[in-house]
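Dear colleague,

I am handing over the structure below, and I would be glad if you could keep it open while you read the notes that follow it.

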Amino acid sequence: MHRPHDSHFGTTSTSFRAPLAGAFALALIWAGPGRAWTINVPADMLTIQAAIDTIAAGDTVMVHPGNYAESIDFGGKSIVVTGTAPDELDTVKATVIDAGGLATVVSFQSGEDEGAVLAGLTLTGGRGAPNGGGVNCDGASPTLDHCVIIANSAAESGGGVSGSDASPTLSDCIIDSNFASTAQGGGFSFSGSSNPTFVRCLIARNHAATRGGGGACSDGTEPSLSNSVVFFNTADGRGGGLAVGGSGAMTLTNCAISENLAEAGSGIDVRALGALMIDQVTVAGNVANPSGGAILLAGEGSIGNSVLWGNSPDEIMLEGAGSADVRYTDVRGSYSGEGNLDVDPNFALYFQRGYPLRAGSPCIDAADPAVEDGIWDAHPSWPAPYSNGVRADMGAYGGPGNADWIGFLALLGR
Ligand SMILES: [Ca+2]
């Protein structure tokens, strides 16, 4: 069940570029004693790696739009490697590092911390051997911001991103159409002692040969996702969207999990001894075939202030010693617990936009009464026609984190 990669942008030039001799170019841009350096690629140096090799902590590599046929390694440096306009998606998609199917696109394997920053770049054509086609973090915890990680693959796990003993932070990133050839985590996969953080990320159209189309975490890892959308991912095994391994734990806040496909646990699969904590999450339109469970729990699940509706064939499936504590959540077919509903949430079916509630939805102002929305109809950012009180709404767009969607949802569907 391999979903072909989408080609959202051209990768027209694949020529390798040789680095300039550095001294002459650097003399032009050195700002003086104690000041940070910025190297412009390709104006000052022709390859990103040559620029990285030249600079030191605190310096910046500024990558201008173009197609760079290389793979890069931060080499343990706390530096910034950035496109020219990380906030502009069209510029990010026009600033491409293409590894040509030869290697991982960007490697962090020398203890990099959050001071190692990759921003505003598109990473494609990566091939992880065995893991991490787009990005591989081995004992490193860098920062990725406004990157597009698209059409990469791994021989084993983590087609888009992988990590071992790694706790990177990814914010405003798109992880799209990546592929784990023989194992798990089409979008991302982590192992060892890893606590990766995903904020405002879109994880879409990834595929895994075994489990966790969007992402899988193996034993001991504890990823957290907030204000993120996980949709259209597929797994040949369990966990179409996300998967949690034994002794692992995953925390989801203000996320939408939709239209993922797997043989069971189509949205999220939690193995025995694993734990899932979700709050303000919408799970809808996922399809498990042949068995069930948009959320399949062989471990523990804590589900609050959420909407589980319209998944096929059912919403929550328990297996073995699995358990679910469900509160203030709208569950199709009903589920016992304080404040739960079983009523059509009246979704607005914006394609690829994560099932927001339509005006008048019974899930508005129906979450835990002790919880307030970050923004509601008294806030200048709230669209005037939609009546919505301060009490939190159920689902991905309610609760204290609902304001953090502003500016991100516009990216979806592009
Ligand atoms: Ca409300």
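**Strands and their pairing**

Phe108 stands opposite Cys137 in strand E11, where strands (E, at least two residues) and helices (H or I, at least four) are DSSP runs numbered from the N terminus. Before going further, please note that this is a predicted model, in which local features need pLDDT of at least 70 and side-chain atom pairs count only at pLDDT 80 or more, while totals for chains, interfaces and linings use all residues. Residues are numbered from 1 along each chain as its sequence is written.

Strand E7 and strand E11 (residues 135-138) run parallel and are joined by three bridges; two strands are said to pair if DSSP finds at least two bridges between them. Both belong to an open sheet of ten strands with parallel pairing, in the order E4-E7-E11-E15-E19-E23-E27-E30-E33-E36. At its edges are strand E4 (72-73) and strand E36 (316-318), each of which pairs on one side only. As background, the strands of a sheet pair through backbone hydrogen bonds, either parallel or antiparallel.

A second set of pairings involves strand E5: four bridges join strand E2 (residues 60-63) to E5 in parallel, and three bridges join E5 to E8, also in parallel. Val81 is the bridge partner of Val61 in the first of these pairings, and Leu118 in E8 is the bridge partner of Val81 in the second. Within E5 (residues 80-83), Val80 and Thr82 point one way, Val81 and Gly83 point the other way, and all are buried, a word that applies if 20 or more other C-beta atoms, placed from the backbone, lie within 10 Å of a residue's own (exposed means 12 or fewer, and partly exposed is in between).

**The core and the chain**

The protein chain holds three helices and 38 strands, and 55% of its 414 residues are buried. The largest nonpolar core (a set of buried Ala, Val, Leu, Ile, Met, Phe, Trp, Tyr and Cys residues joined through C-beta atoms within 7 Å) has 112 residues, and those with the most contacts inside it are Ile48, Val61 and Ile149. Its largest share, six residues, comes from strand E28 (residues 249-258). Leaving out residues up to four places away in sequence, Val61 touches eight residues, including Ile39, Ile48, Ile79 and Val81; a contact requires C-beta atoms, placed from the backbone, within 7 Å.

**Places in the loops**

Ser110 lies in the loop between strand E7 (106-108) and strand E8 (117-119). Ser110 is only partly exposed, because 14 other C-beta atoms lie within 10 Å. Beyond its neighbours within four places in sequence, Ser110 is in contact with Gly75, Gly76 and Ala140.

Which backbone angles deserve a second look? Most residues other than glycine have a negative phi, and most peptide bonds are trans. Glu259, however, has a positive phi of about 55° although it is not a glycine, and it is buried because 25 other C-beta atoms lie within 10 Å. Tyr328, in the loop between strand E37 (323-327) and strand E38 (330-331), has a positive phi near 45°. Two cis peptide bonds can also be found: one joins Val41 and Pro42, with omega about 10°, and another joins Ser312 and Pro313, with omega about 0°.

With best wishes

Conventions:
Two residues are in contact if their C-beta atoms, placed from the backbone, lie within 7 Å.
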